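Thanks for making the time this morning. I would like to walk you through one model, beginning with a single position and then working outwards.

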Amino acid sequence: MKKNQKQTLQSQRDFFSAFFGEEVCGGEQSATIEELDAAINDCMAMLQYSIDHNDKSEISYWRKLLQENKVRRREMLTA
């Protein structure tokens, strides 16, 4: 792998899924509002942790997942 090769969101998801043993943030498409709220809270906590440790790749990952979950929640509320 090249030294400065960028990771895709999918490769980052695969890494975190393998590391934690399950999908941590951002669930299946049929999630409930409560599950999405929990996922959003988890993403915000992990994002804050990444910011505190100044890990730019993790910050980017958690921001993307947070956005995805917020969009999913918004779509559920307007459906």
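Let me start with a question: does S50 count as buried or exposed? What we have on the screen is a predicted model, and in it S50 counts as buried, because its relative accessibility is 1%, where the cut-off for buried is under 20%. This serine has its place in helix α2, and, if we leave aside its neighbours within four places in sequence, S50 is in contact with D55, E58, I59 and W62.

Two of those partners, I59 and W62, lead us directly into the core, since both of them belong to the largest nonpolar core, which has eight residues, the others being I40, C43, L47, Y61, L65 and L66. The elements that give two or more residues to this core are α2 and α3, and the largest share, five residues, comes from α3. As a general remark, nonpolar side chains in soluble globular proteins tend to be buried together.

Staying with the core for a moment, I40 is in contact with L66, N69, K70 and R73, again leaving aside neighbours within four places in sequence. Of these partners, L66 is also a member of the core, while N69 is listed among the buried residues of α3, together with I59, Y61, W62, L65, L66 and R72.

Now to helix α3 itself, which runs over residues 56–78. Its 23 residues, at 1.5 Å a residue, should span 33 Å, and the end C-alpha atoms are 33 Å apart, so the expected span and the modelled one agree.

Stepping back to the whole protein, there are three helices and zero strands, and the pattern along the sequence reads α-α-α. Of the 79 residues, 24% count as buried, and the accessible surface comes to about 6000 Å², with 52% of that belonging to carbon and sulfur atoms. Among contacts between residues at least 6 apart in sequence, 66% join residues at least 24 apart.

Finally, a word on confidence, which I would ask you to keep in mind when looking at the display. The average pLDDT of the protein is 79, and 70% of the residues score at least 70. Confidence is highest in helix α2, residues 33–52, at a mean of 93, and lowest in helix α1, residues 9–20, at 68. The serine we began with, S50, therefore sits, with its 1% relative accessibility and buried status, in helix α2, where that confidence is highest.

Technical notes: Residues are numbered from 1 along each chain as its sequence is written. This is a predicted model: local features need pLDDT of at least 70, side-chain atom pairs count only at pLDDT 80 or more; totals for chains, interfaces and linings use all residues. Side-chain values use heavy atoms; hydrogens and water are left out. Helices (H or I, at least four residues) and strands (E, at least two) are DSSP runs, numbered from the N terminus. Buried means under 20% relative accessible area, exposed over 50%, partly exposed in between (1.4 Å probe, protein chains only). Contact means heavy atoms within 4.5 Å. Accessible areas come from the Shrake-Rupley method with a 1.4 Å probe; for residues, only the protein chains shown count as cover. pLDDT is the predictor's confidence in each residue, from 0 to 100. The expected span of a helix is 1.5 Å times one less than its number of residues. A nonpolar core is a set of buried Ala, Val, Leu, Ile, Met, Phe, Trp, Tyr and Cys residues joined through side-chain atoms within 4.5 Å.
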